[in-house]
Amino acid sequence: MSLRHKIMLGVILLVCIPIILMGSMTYRLFSGAIEKQTENFYANSLLETDRRIQYALNEMNVISDLSIIQPVIQQFLKRKSPVDFREGEGAANRQLLTELNNLLLSHPKITSLTLYNQSELIHSSTVQPAPTYEKLKEQPWYPRMTALKGRPLWLGPFENEAASNQQLTHVRMIKDYNSLENIGTLVLTVKTDAVDHVFWEAGTIKEGEMMVVNRQGMVLFSKSGKHLGEPIAFPFLDQKEERRTYIDKYEGEQTFITYYPSQTNGWYLVALTPLHVMYAETVGIRNLALGLLVFALLSVLLFDALFIRKLVHSIISVVKALRLAEAGKFTEIYLGREVYRDESGLLVRGFNKMSRQIQELIRRVEEEQQRKKEAEMQALVAQINPHFIYNSLETINSMAVLQGNKEISRLVISLGKLLRISISETQELVPIATELEHVKHYLFIQTCRFGDKLAYEMELPEVWKRHLTLKLIVQPIVENALYHGIEPLQDKGIIRIRVMEVGNDLVVEVADNGLGIEPQRLEELFAGRQPHMDKAKHRGVGMKNVHDRLRIRFGASYGIMVCGTNGEGTIVRIRMPRILDDGQASQGRVGL
């Protein structure tokens with residue numbers, strides 16, 4: 001996958017995916033909130049509607065309760081046989097029927113009454129013939145009525161075949177007031193407008209529907225007046241679930257359905273709301289999320305056109321130029337107007353600057369190599385000079401031997417070895433033994449000059465002889481000790497040189513009993529400020545030079561440390577890593 005595609009994918013993952021997730025989560029949360037609000041709204045509405053229905057029906061129940069305990073009805077039902085009814089014909093019987101009708105038919109909502117004893121029909125106020133007692137017992141609702149043991153049972157407009165579709169039916173068993181034995185059955189028909197006005201006032205969402213169904217799904221009441229008497233297969237009628245809401249199809253569209261069991265035995269209140277109506281408020285959120293997504297995609301495309309493409313083009317150009325640089329071809333990148341004053345432009349300009357600097361360095365290296373070759377040729381020519389010096393010293397030595405002057409001979413031999421080590425040795429690192437041998441020849445020559453005024457001691461353990469050190473680092477220290485510390489001294493001067501181990505490093509200590517050194521003077525030496533020094537007394541490379549060479553070669557943790565007090569001598573410690581002459585560092589230290 002190319003860099004451009006990776007950046008595009010990253011932008012999409014970081015911008016578009018969060019927008020999609022945010023939109024989806026917001027839509028779901030808002031939809032869930034709407035469902036919860038709708039459920040709570042309809043739960044309260046259905047409870048209130050059922051309460052009003054029960055209030056309207058309880059009004060009839062109170063009339064029925066008061067009527068069936070009246071003596072006129074109790075006496076009317078206690079007659080033993082139909083003969084008793086026939087014997088009661090006449091004025092007294094008519095008076096009894098009049099009182100019975102006045103008790104139950106006085107309410108404007110009650111349209112008819114039918115009274116049965118335990119064996120037959122004994123009274124009916126309807127014009128049409130009422131069902132016989134045998135027909136009454138065959139009705140599907142009769143077992144439910146007897147199970148209520150005297151409590152009233154309400155039947156919807158389409159649940160009683162003997163009643164009109166515009167009537168409710170109130171049925172109940174009548175019991176003896178004293179013995180509580182069943183003595184008859186009361187059937188009242190009531191106008192449906194006693195319940196219809198409750199549905200007209202019921203609260204529903206726009207385009208919502210509310211209805212009452214029985215256990216078979218038959219619609220008994222509906223706010224819209226649709227599907228009355230028609231069965232509807234609601235799933236909750238066949239399932240015993242605690243959940244009072246679900247989504248199902250109703251009239252061909254997805255509908256949010258809320259139901260509640262009524263206090264009236266066998267009735268259910270159902271509220272139905274089309275989902276497109278309920279979720280109408282979420283359309284704005286959905287459209288906003290889609291709009292943000294489209295805007296994000298357009299922004300990504302615009303970002304790609306204005307930035308990513310140019311950035312990737314700049315990077316690709318730099319990569320191509322780097323590949324050419326790997327092959328030794330250094331070229332500059334030219335992108336014309338596409339190079340802006342941003343990081344991509346800085347990258348291109350930085351590469352061009354680096355390319356020019358590398359070309360300049362290559363040119364300088366080539367020039368240095370050329371000068372080095374010329375210097376090597378000059379060095380070959382100049383080799384005659386040390387050979388001339390060595391031959392001259394050999395001649396002087398021969399003459400001293402012939403004349404029997406051994407001191408001069410030893411002095412000439414030491415001088416020759418001193419010059420051979422300092423001039424002819426080309427290696428940067430030499431064994432410590434070689435370096436101290438060079439110092440030894442130097443001190444021998446100086447003892448010939450100072451005589452008994454100078455003495456020196458050297459301590460080099462055998463184990464450290466094969467370790468390497470920089471060439472000419474001890475002699476400058478000894479020279480400074482000799483000229484600055486011992487030469488002005490009136491008494492005999494002593495220089496002690498010893499090699500010792502400090503931690504994982506080696507230390508060459510040069511100590512003298514000379515005049516010492518002042519702190520201010522020591523600071524001037526290491527700062528390189530020497531305005532009043534006698535050049536004749538400072539032919540050595542100096543302590544600062546030794547210190548700088550050690551730090552450059554081995555690192556900042558190495559160099560020299562000077563301890564001295566004015567009038568009490570000086571101690572100089574040269575610290576260096578332990579390096580064997582075979583290039584391997586002792587005790588795990590890698591040779592430099």
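The following conversation works through several terms used for this predicted model and shows how each one is earned.

User: What should I know about the numbering and the kind of model before we start?

Analyst: Residues are numbered from 1 along each chain as its sequence is written. The model is predicted, with local features needing pLDDT of at least 70 and side-chain atom pairs counting only at pLDDT 80 or more, while totals for chains, interfaces and linings use all residues; side-chain values use heavy atoms, with hydrogens and water left out.

User: Why is the pair of Y116 and Y133 called tilted?

Analyst: Rings of Phe, Tyr and Trp (its six-membered ring) pair if their centres lie within 6.5 Å, and planes under 30 degrees apart count as stacked, over 60 as edge-to-face and the rest as tilted. A search of the whole structure finds eight aromatic pairs. In the pair of Y116 and Y133 the centres are 6.1 Å apart and the planes stand at 45 degrees, so the pair is tilted. Y116 lies in strand β1 (residues 110-116) and Y133 in helix α5 (residues 133-137), so the pair ties together parts that are 17 residues apart in sequence. Helices (H or I, at least four residues) and strands (E, at least two) are DSSP runs, numbered from the N terminus. Elsewhere, ring pairs link F234, F236, Y246, Y259 and Y268 into a cluster.

User: What makes R578 and E501 a salt bridge?

Analyst: The term asks for a side-chain nitrogen of Lys or Arg within 4 Å of a carboxyl oxygen of Asp or Glu. The side chains of R578 and E501 meet at 3.1 Å, N to O, and therefore they fit the definition. This pair links distant parts of the chain, with R578 in the segment after β17 and E501 in strand β14, 77 residues apart. The structure holds 13 salt bridges.

User: Is R578 buried or exposed, and how do you know?

Analyst: Buried means under 20% relative accessible area, exposed means over 50%, and partly exposed is in between (1.4 Å probe, protein chains only). At 2% relative accessibility, R578 counts as buried. Its partner E501 has a relative accessible area of 41%, so E501 is partly exposed.

User: Which salt bridge is found in helix α10, and how exposed are its residues?

Analyst: E367 and R363 both lie in helix α10 (residues 343-382), four residues apart, about one turn of the helix. Their side chains meet in a salt bridge at 2.4 Å, N to O. E367 is partly exposed because its relative accessible area is 34%, and R363 is partly exposed as well, at 37%. E360, R363, R364 and E367 are linked in a network of salt bridges.

User: How do you know that D548 and K544 form a salt bridge?

Analyst: The closest N and O atoms of D548 and K544 are 2.8 Å apart, so the pair meets the cut-off for a salt bridge. Both residues lie in helix α16 (residues 543-554), four residues apart, about one turn of the helix. D548 has a relative accessible area of 27% and so is partly exposed, and K544, at 29%, also counts as partly exposed.

User: Why are strands β14 and β15 said to pair?

Analyst: Two strands pair if DSSP finds at least two bridges between them. Strand β14 (residues 493-502) and β15 pair in the antiparallel sense over eight bridges, and therefore the term applies. I497 has V510 in β15 as its bridge partner. Their hairpin has two residues between the strands, and G503 takes a positive phi near 65 degrees there.

User: What does β15 pair with besides β14, and how covered is this strand?

Analyst: Eight bridges join β15 to strand β17 (residues 570-577), and the two run antiparallel. V510 stands opposite V572 in β17. Strand β15 (residues 505-512) is mostly covered, since eight of its eight residues are buried. On one side these are D505, V507, E509 and A511, and on the other L506, V508, V510 and D512.

User: What makes β7 and β8 the edge strands of their sheet?

Analyst: Five strands form an open sheet in the order β7-β6-β10-β9-β8, with antiparallel pairing. Strands β7 (219-222) and β8 (245-250) are called edge strands as each pairs on one side only. Three bridges join strand β6 (residues 209-214) to β7, and V212 stands opposite F221 in β7.
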